[in-house]
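I opened the file to look up cores, cavities and salt bridges. My entries follow in the order I made them.

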Amino acid sequence: MKDSMFQTIQLGQLTLANRIVMPPMTRSRASQPGNIANEMMAQYYAQRASAGLIVAEGTQISPMGQGYAWTPGIYSQEQIAGWKKVTDAVHAKGGAIFAQLWHVGRVTHPDNIGGEQPISSSALKAENVKVFIDNGSDEPGFVDVVEPRAMTKQDIEHVIGEYRQAALNAIEAGFDGIELHAANGYLINQFIDSQANNRSDEYGGSIENRLRFLGEVVEAMSDAIGADRVGVRLAPFTSLNGTVDNTPVETYTAAAALLNKLNVVYMHIAEVDWDDAPDTPVRFKQAVREAYQGVIIYAGRYDTDKAAKALEGGLADMIGFGRPFIANPDLPNRIRNGYPLAAHDPATLFGGNEKGLLDYPEYQAV
């Protein structure tokens, strides 16, 4: 049954060794000042290079794109050089790695973006959302987000340019491709979901209009590095960071059709993953499969059996296992052999040093 997870798969120009994805997970360990990927991060990803595909943690495309303290960027030469250490380490172990390009929009605080007011599709504050700040004076901690300002046409063009440049920077840093973060309530999601977007211009209102920004960003990046190196992550049914869509099935089926037309190499769907969350409707997964012909990745609450069934049923081509990868650097080997999985320490997920990042051992069979 688990054999389905260990078949190779073609992803653009890449032949991946298996169908297991390490999805992007924020760990907040970039070197300060400068939010630079470092040796510690290189070792962390290299330890997990047996995944068919690694998607590195969310990486801000500009200073304004940063939502949380200590996350890495990809807009300075120092940041590009830092990520080069990571990609070299993963490639030395035979792995494949994409960068996840991130602009958080309204999910931030002025302390994280040089005192500026955040930007979003609309001047709507995300309710009950907190972000982690380090303003250099008070104790680092969580604070409420603030009301953003609505982006002008000029802002939109400027940010599209930042995404394009970040894609070029990622290729310069040695990444095999990029994943556009259009999920979990961040900037692009703030345009897509109806309750976060009250614009009355061509970027608001109808589904087609709310998907326009997504399409323009994807086109700009694809023109720069090739659509066969561009993937997109979406979260149709989550309400993370305060974005909710009134008609998620219709909206995200249309998004799948748009991404098919733009020929992106994969669609990565983040399913709701809290304990008693409802499953993603099968009819939606079928509609996505009909609308989109590329590689489809699902992530969220998958165990070995559920993953194998999803692959064999044909609705998914690859499966992401998030938190299991934190404490199990050799996760594919454990899955293949039915070895037990270690549990991660929640206290070491964000920030800190090697502890809880590099010190989880591979499984030793007796």
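Cavity. I noted that this is a predicted model. I searched for cavities of 30 Å³ or more, and the count came to one. I then looked up its volume, which is about 40 Å³. For the lining I wrote down Glu-271, Val-272, Pro-278, Asp-279, Thr-280, Gly-300, Arg-301 and Lys-306. I sorted these lining residues by type and got two nonpolar, two polar and four charged.

Nonpolar cores. I next turned to the largest nonpolar core and found 87 residues in it. Which of them touch the most other members? My list reads Tyr-45, Trp-83, Leu-101, Tyr-163, Phe-213, Leu-214 and Phe-321. I noted another core apart from this one, made up of 13 residues. Leu-11, Val-55, Phe-98 and Ile-297 are among them.

I picked Tyr-45 for a closer check and left aside its neighbours within four places in sequence. The contacts of Tyr-45 that remain are Met-22, Ile-54, Ala-56, Glu-57, Trp-83, Val-86, Val-90 and Ile-97. Trp-83 thus appears both as a contact of Tyr-45 and in my list for the largest core.

Salt bridges. I counted nine salt bridges and wrote up three pairs.

Pair Asp-155 and Arg-149. The closest N and O atoms of this salt bridge are 2.6 Å apart. Is Asp-155 buried or exposed? I have it as buried, because its relative accessibility is 16% and the cut-off for buried is under 20%. Arg-149 comes out at 32% and counts as partly exposed.

Pair Glu-202 and Lys-153. I read 3.3 Å from N to O for this salt bridge. I placed Glu-202 in the loop between helix H4 (187-192) and helix H5 (207-210), and Lys-153 in helix H3 (residues 153-172), so the pair ties together parts that are 49 residues apart in sequence. I entered Glu-202 as partly exposed at 33% relative accessible area. Lys-153 also went down as partly exposed, at 40% relative accessibility.

Pair Asp-317 and Arg-289. The side chains meet in a salt bridge at 3.0 Å, N to O. This pair links distant parts of the chain, 28 residues apart. I located Asp-317 in the loop between helix H9 (304-312) and strand S14 (318-320), and Arg-289 in helix H8 (residues 282-291). Asp-317 is buried, with a relative accessible area of 16%, whereas Arg-289 is partly exposed at 21%.

How values were computed: Residues are numbered from 1 along each chain as its sequence is written. This is a predicted model: local features need pLDDT of at least 70, side-chain atom pairs count only at pLDDT 80 or more; totals for chains, interfaces and linings use all residues. Side-chain values use heavy atoms; hydrogens and water are left out. A nonpolar core is a set of buried Ala, Val, Leu, Ile, Met, Phe, Trp, Tyr and Cys residues joined through side-chain atoms within 4.5 Å. Buried means under 20% relative accessible area, exposed over 50%, partly exposed in between (1.4 Å probe, protein chains only). Contact means heavy atoms within 4.5 Å. On a 1 Å grid over the protein atoms alone, a cavity is a set of points where a 1.4 Å probe fits but cannot get out, and a pocket is an open set with protein on both sides within 12 Å along at least five of seven lines; lining residues have an atom within 4 Å of a point. Grid points are joined across faces, edges and corners, and a volume is the space filled by probe spheres set on the points. Ala, Val, Leu, Ile, Met, Phe, Trp, Tyr, Cys and Pro count as nonpolar, Asp, Glu, Lys and Arg as charged, and the others, Gly among them, as polar. A salt bridge is a side-chain nitrogen of Lys or Arg within 4 Å of a carboxyl oxygen of Asp or Glu. Helices (H or I, at least four residues) and strands (E, at least two) are DSSP runs, numbered from the N terminus.
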